[in-house]
Amino acid sequence: MTNILPSTGLGYAAMIFVLAAFSVVVITFRILLVVRGYKMISTALVMLHALLFVFVLSSVFRELDNLWNVVAYAAGVGSGNVLGILLEEKLAIGYAEVRIISTDGSSEVARILGNHGYGATETSGYGRKGPVKVTICVVRRREVAQVRTLALGADPGCFITIEDIRPLRKRLWAE
């Protein structure tokens, strides 16, 4: 099965690096999808990871005395972890709850978010320095940057937190 790999020492090590990195990208992405509840995609990805894992490790063990292969595998695993996280961040799959806390009593955050098509719930609260307005907005993760920009435009002094969530009902997005 390793006949598809280059037969030269550095070419073989480079292919081990690429396959190990891809394998870890797959497993990292899979774990992040499991947390978000994507069962079927996660199942397919874990099968692909297992196939790559067996293939790459057998290639490393076949020539265990070749230090380049071992280093390439280790470097591929490390690189794959970072690449998997970056890929997941770029795709921004799932939903987030954005919580905006304004100490400005006349905060316009909820109104501005609503004017831009976002559902926003505003409540009143009391913080360490007095009354606050708490605006909660549930959005797709890829929309978080836009919500942040709008909130800061409405209240430059607001405090913003973001939490990944798994909505029980997605009624708002089905319309």
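Which elements cover the buried residues of helix 5? The legends below take up this point and four further views. The structure is a predicted model, in which local features need pLDDT of at least 70 and side-chain atom pairs count only at pLDDT 80 or more, while totals for chains, interfaces and linings use all residues. Residues are numbered from 1 along each chain as its sequence is written, and side-chain values use heavy atoms, with hydrogens and water left out.

**View 1. Surroundings of helix 5 (residues 144-154).** The cover over the buried residues of helix 5 includes strand 1 (95-102), helix 4 (109-115), strand 3 (130-140) and strand 4 (159-165). Helices (H or I, at least four residues) and strands (E, at least two) are DSSP runs, numbered from the N terminus. Val144, Val147, Leu150, Ala151 and Ala154 of helix 5 are buried; buried means under 20% relative accessible area, exposed over 50%, and partly exposed in between (1.4 Å probe, protein chains only). Seen down the axis of helix 5, these buried residues fall within an arc of 125 degrees, so they line one face of the helix. The arc is that of the directions from the helix axis to the C-beta atoms. An α-helix has 3.6 residues a turn, so residues three or four places apart point the same way. On the face of helix 5 turned away from the buried side are the exposed residues Ala145, Thr149 and Gly153.

**View 2. Packing of helix 1 (residues 9-35) against helix 2 (residues 39-62).** The two helices pack at an angle of about 155 degrees, and their axes are 9 Å apart. Axes are lines fitted to C-alpha atoms, for helices over the stretch in contact, and angles run from 0 to 180 degrees between N-to-C directions. Helix 1 and helix 2 are therefore roughly antiparallel to each other (angles under 35 degrees count as roughly parallel, over 145 as roughly antiparallel, 65 to 115 as roughly perpendicular and the rest as oblique). Among the residues making the contact (heavy atoms within 4.5 Å) are Tyr12, Ile16 and Arg30 of helix 1 and Ser42, His49 and Val60 of helix 2. The residues of this contact comprise 19 nonpolar, four polar and one charged. Here Ala, Val, Leu, Ile, Met, Phe, Trp, Tyr, Cys and Pro count as nonpolar, Asp, Glu, Lys and Arg as charged, and the others, Gly among them, as polar.

**View 3. Ser42 in helix 2.** Ser42 has a relative accessible area of 5% and is buried. Leaving aside neighbours within four places in sequence, Ser42 is in contact with Arg30, Leu33 and Val34.

**View 4. Asn69 in helix 3 (residues 67-91).** With 0% relative accessibility, Asn69 counts as buried. Beyond its neighbours within four places in sequence, Asn69 is in contact with Gly9, Tyr12, Ala13, Ile16, Ser59, Val60 and Glu63. The axes of helix 1 and helix 3 come within 6 Å and cross at roughly 35 degrees. In the contact of helix 1 with helix 3, 20 residues are nonpolar, eight are polar and one is charged.

**View 5. Ala110 in helix 4.** Ala110 counts as buried at 16% relative accessibility. Not counting residues up to four places away in sequence, Ala110 touches Ala120, Glu122 and Thr135. The C-alpha atoms of Ala110 and Thr135 are separated by 6.1 Å, although these residues are 25 residues apart along the chain.
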